[in-house]
Amino acid sequence: MSISESAHSSPTAIENTRSTSIRSTFKAQSAIESLSSIITTVPDSPNPSSSLLNDPEIASQISSLLRQADAGAGNDNLCRWLYDTFQSTDPQLQLVVLRFLPILAGVYLSRVTLRKPLAGFEAVLLALYAHETTSRSGQSMTVNVPDISHPSIYHESNTAVKNNATNLNLAVISPSLEPHGTVRSTKRARIVGVALELYYSKISQLPVASKIDFCEFCEAWASGGDHQQDSSVNNNGERMRIPLSWELVQPILRILGHCLMGPDQKQNKQLFDAAYCACKSLYGRSLHDINPKAMLATGSLLSLAKLSLDDIDYTEIRITNAISL
């Protein structure tokens, strides 16, 4: 693009940005007005999107409503608000919904065995699942795993190197997605797991309080709050200790990995402690269930968490005059 073309396009780009900002502000203001009929207090703010995401008073009221005994039913006004807010397609408002996903998913998974109608919770989870399915075009998520048969700067290989430069060692970290209009018991873990994958993809933009909520529910899911019981039921009759399939454990560990070693870790000890306790509970659960894959994953994450506390670069080659025998 020439300089003259760039100069002509700049005003258009600026106008588009301004229009997008106005639409976003309008949607956020509309969301706040709708929310004001559900919660008791909505503080005034010049930035409504930021207020919905970060205001502790709003968060406390929404969290309290999501934890009520009758929450999550098909006529739940808060669930309808969360659903409509996410469907607004505004990225900032979608973050607001994801901010409360730990509590929503935590309460949902704890109550689903009670055979209570939870269509409100399920509508929100299905909206998140559908969004992720569309954004990924139903495709699986893969990563290229290094082939240790090839030597590197950290190790030598005794295996004869084959000329397979064109062969990728792909590992599937999230299988392909199929559309779902309802939450069936056989697909529940997958739908919730995909919602958690979406949460993880935006985790750097979410407030620390949301991550702490997630860690606390993880600990409850793993142990029910009592490491000595095979199942634990709280005062509302909810079964906090839930079945943990790999479809749930995998995104859970990614989120905990961020909480343990991400940028918030050194700035917020409460988050690190909550994530470490959750990881320990999951490790204990994997031992109880005799789940080798979960044992390896949770045990490795605990070891990495301990290393993250040290300001040492273990990949650095140190120069010393001492001779090690």
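Author: Let's start with a sorting rule: Ala, Val, Leu, Ile, Met, Phe, Trp, Tyr, Cys and Pro count as nonpolar, Asp, Glu, Lys and Arg as charged, and the others, Gly among them, as polar. Before we use it, note that this is a predicted model, in which local features need pLDDT of at least 70 and side-chain atom pairs count only at pLDDT 80 or more, while totals for chains, interfaces and linings use all residues. Residues are numbered from 1 along each chain as its sequence is written, and side-chain values use heavy atoms, leaving out hydrogens and water.

Reader: Fine. How do you know how many helices and strands the protein has?

Author: The elements are DSSP runs numbered from the N terminus: H or I over at least four residues makes a helix, E over at least two makes a strand. That gives 12 helices and two strands, in the order α-α-α-α-α-α-α-β-β-α-α-α-α-α.

Reader: What makes L78 buried?

Author: Buried means under 20% relative accessible area, exposed means over 50%, and partly exposed is in between (1.4 Å probe, protein chains only). L78 has 3%, so it counts as buried. It sits in helix α4 (residues 77-86). Setting aside neighbours within four places in sequence, L78 is in contact (heavy atoms within 4.5 Å) with L35, I38, I62, L65 and L66. L35 is 43 residues away along the chain, yet the two C-alpha atoms are separated by 7.9 Å.

Reader: And why is D76 called buried, being an Asp?

Author: The label follows the area: D76 has 15% relative accessible area, so it is buried too. D76 lies in the loop between α3 (56-67) and α4. Outside its neighbours within four places in sequence, it touches D70 and A71.

Reader: What makes the link from the side chain of D76 to the backbone nitrogen of L78 a polar contact?

Author: A polar contact is a pair of N or O atoms within 3.5 Å; within protein, one must be able to donate a hydrogen and the other to accept it, and residues adjacent in sequence count only if both atoms are side-chain atoms. The side chain of D76 reaches the backbone nitrogen of L78 at 2.8 Å. The backbone nitrogen of G72 is also reached by the D76 side chain, at 2.8 Å.

Reader: Now R111: what makes it buried?

Author: R111 has 1% relative accessibility, so it counts as buried. R111 belongs to helix α6 (residues 101-111). A polar atom of the R111 side chain lies 2.8 Å from the backbone oxygen of R67. R67 turns up again next to D213, which is also in contact with R99, P102 and I103 when neighbours within four places are left aside. D213, in helix α9 (residues 208-223), is buried at 13%.

Reader: Why do you describe helix α5 as largely enclosed?

Author: Seven of the nine residues of α5 (residues 91-99) are buried, so the rest of the structure largely encloses this helix. Among them are L93, Q94 and R99. At the start of α5, a side-chain oxygen of D90 comes within 3.2 Å of the backbone nitrogen of Q92.

Reader: Is N268 buried, partly exposed or exposed?

Author: Partly exposed: its relative accessible area is 22%, so N268 falls in the middle class. It is in the loop between α10 (246-261) and α11. The N268 side chain has a polar atom 3.1 Å from the backbone nitrogen of Q270 and one 2.9 Å from that of L271. Beyond residues up to four places away, N268 touches V208 and I212.

Reader: How do you know how many cavities there are?

Author: A cavity is a set of points, on a 1 Å grid over the protein atoms alone, where a 1.4 Å probe fits but cannot get out; lining residues have an atom within 4 Å of a point. Points are joined across faces, edges and corners, and the volume is the space filled by probe spheres set on them. One cavity of 30 Å³ or more results, and the largest has a volume of about 70 Å³.

Reader: What kinds of residue make up the lining of the largest cavity?

Author: Under the rule we opened with, there are four nonpolar, three polar and two charged residues. The lining includes L244, R285, D289 and T298. Helix α11 gives the largest share, four residues, and α11 (269-289) and α12 (292-308) each supply at least two.

Technical notes. 1 Å grid on protein atoms, 1.4 Å probe; cavity = no way out; pocket = protein on both sides within 12 Å on 5 of 7 lines; lining within 4 Å.
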